[in-house]
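The following note is intended for a colleague who is meeting this structure for the first time. Its points concern charged side-chain pairs and then the make-up of one chain.

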Amino acid sequence: MSTPEPNKKRDYSRYDQMSTSELEQLLRLDFQAAERGDSDLDAILYISDLLAKRNSPADTDSAWEQFETKYRPYAHGRSLYDLDDGQAPQPQPAVPPAPPRFRPVRLLRRMALLAAALIACLLGAMAVAQAAGVDVLGAIARWTDETFVFVPAASGPPSGTSFDEEELAQLHASLQPLDMEGRFPTWYPEGFVPGELEVTELHSSVSAHIVFLGEDCVYTVVVQHYTQPQTNTGIFEKDDTPVEQYVHNGQTFYILSNLDSLTATTYDGEFMTMINGSLTREEIKAIIDSIPAPSSSLEPEQLRERLAQEGQSLYFPQIPEGFEPTQSQYYVDPITEELFWSQLYQRGEEFLIFGVTKHAGAPDNIYEKDDTPVEQYVYHQVSHYIFSNNGSTTAAWMVGDTEYYMFASDGAVDMKALIRSAYEAV
Amino acid sequence: MGNSISDEEQITTLYRDMYGRMVAYASSVLGDPHLAEEAVQDTFCLFCVKADTTLRHENPRGWLMRTLQNVMRNMQRHRAAMNRLIMRSLQVEHLEELLVYDEEDVDLLYGDLAARADFQLLKRVVLDGCTMLEAAEEQGITVEACKKRVQRIRAYLKQKLADF
């Protein structure tokens, strides 16, 4: 590829091995950094070029024709999205200096680590947190540039009120025709009074919202149902506080700060939920936590049937005696159709998690481990990787495009026997 | 004259070289290929208007990428602000009474119709995620006219909602 200032001393080949989603995440993180002038344009161009090559080729001829006939004739030196009055200062373009020739790449490397940490929260860290007895629903994900951990939320929930039965019944009756029942929070912080449910029908979406009025503050809950496929669901303004991801019922809520307000939002490809207003982080998380768990769950037999429809077997281990199933997670990504399923078993203080990820693309689960060696255990012509992580043991292996994993508290199970048992029933 | 033809050739070459990767970059940041394409087209418009200097910049590709970042940031900022404006408008008890332009302006004799039409346009651009061009083509107007109408309703709502 041609970079703006070719420089043979800089090697970007490490990006070649990264997945598309990791590269896209890097670009987004760099974009945030670019506001502070930290962007590495050479690296960005290299990554963008990689992505352009991986995607289907852009129709440059059509784009050029559109540019010449529909955009350029009306160009007059101000961006289309520069909507301020004529007297307002021009926001762009900022003519950049030539990229520095020996710019340190530490920032992007740190971002790569951060991207990996974000991916890790998908399964590894979340499952460990559950396994360790920390209720994910009441835990806060925290990370720095180098580490990612779950820690228990502040002691005791913030005080507030749940909708009473009559209010809930009313709310559900209004939301049911919109297919939104079960998507609204059922709790609100003390001092707020819920307003009426308002429904707005737009061209390609239906939104329902409730305004909660406090003494001198307000917050809003909006659930938007996109009735046509969307690739863009709006843009949220935020300040430079890092975005926090908060997982509830298998859905990731992004918590954004903007001056004196917080927004939490999640989108599953069809429904978008937004909670916005003058709330503390603890309050907004408690509101999120009050969204009921989805009624859909998947029993192991249903999972087996689902995989069988795609010509795959389910290698389910023989769960040792005394372990009882407690929490289960089941989620199908509406866009990629990746399937995530896991089941937590508990026997007193001991835990065992068995999980399956049916990938749509390259596997990208990342597991936490300590510095002890990884043991490779070959059985049934499959390599199983067993490693420890500070008090727990993990086993992970691939069968076709399906990734299996087990976490167990140290000493709770014989991991190899458990692996062998998975093949006996098939 | 010869110089301007040469400039045109340079612009075409640069466009063809950079378009794909700029769209890939913008799509990653914005999460929407259509908005990404519009941001790239917008960036090239700015480049062309200032071609006398941008083409002679020591690093035109760097200029394009940096300007694309600014365009996207601007786009995000304004779309988020307009999103809030719409949300606030929708909370107004009698929205239809709010949506009436000042009839002293001769262009807006039918102030209520114009305001409602502009509000729909604003919602298409902000809530439905349409590009300016998509919204413009639905209305049979140019992107510039679309921008002016969005600007008009935005300024109007900002002023009116300040009273609430």
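**Note on salt bridges and on chain B**

1. A:Asp49 and A:Lys53 lie four residues apart in helix 2 (residues 41–54) of chain A, so about one helical turn separates them. The model is a predicted one. In it, these two residues form a salt bridge, with 2.9 Å between the closest N and O atoms.

2. The two partners of this pair differ in their exposure class. A:Asp49 has a relative accessibility of 9% and therefore counts as buried, the cut-off for that class being under 20%. A:Lys53, by contrast, is exposed, with a relative accessible area of 59%; the class of exposed residues begins over 50%.

3. A second pair deserves attention at the boundary of the chains. A:Lys70 and B:Glu137 are joined through their side chains by a salt bridge of 2.8 Å, taken from N to O. This pair crosses between chains: A:Lys70 belongs to helix 3 (residues 60–71) of chain A, and B:Glu137 to helix 7 (residues 132–139) of chain B. Both residues fall in the intermediate class, since A:Lys70 has a relative accessibility of 33% and counts as partly exposed, while B:Glu137 counts as partly exposed at 43%.

4. A third pair lies within chain A. The side chains of A:Arg78 and A:Asp82 form a salt bridge with an N to O distance of 3.0 Å. As for their surroundings, A:Arg78 and A:Asp82 are both buried. Beyond single pairs, salt bridges with shared partners link A:Asp49, A:Lys53, B:Asp17, B:Arg21 and B:Arg61 into one network. The A:Asp49 and A:Lys53 pair of the first point is thus placed among residues of chain B as well.

5. How many salt bridges does the structure hold over all chains? The total is 21. As general background, side chains of opposite charge can pair when their charged atoms come close.

6. Turning to chain B, the reader will find eight helices and zero strands. Along the sequence, the pattern of chain B reads α-α-α-α-α-α-α-α. One of these elements is helix 7 (residues 132–139), the helix that carries B:Glu137.

7. Burial and contacts complete the description of chain B. The chain has 164 residues, of which 60% count as buried. Among contacts in chain B with a separation of 6 or more, 63% are between residues 24 or more positions apart. The accessible surface of chain B amounts to about 6800 Å², and carbon and sulfur atoms contribute 50% of that surface.

Notes:
Residues are numbered from 1 along each chain as its sequence is written. Chains are lettered from A and ligands numbered from 1 in the order in which they are written. This is a predicted model: local features need pLDDT of at least 70, side-chain atom pairs count only at pLDDT 80 or more; totals for chains, interfaces and linings use all residues. Side-chain values use heavy atoms; hydrogens and water are left out. A salt bridge is a side-chain nitrogen of Lys or Arg within 4 Å of a carboxyl oxygen of Asp or Glu. Helices (H or I, at least four residues) and strands (E, at least two) are DSSP runs, numbered from the N terminus. Buried means under 20% relative accessible area, exposed over 50%, partly exposed in between (1.4 Å probe, protein chains only). Contact means heavy atoms within 4.5 Å. Accessible areas come from the Shrake-Rupley method with a 1.4 Å probe; for residues, only the protein chains shown count as cover.
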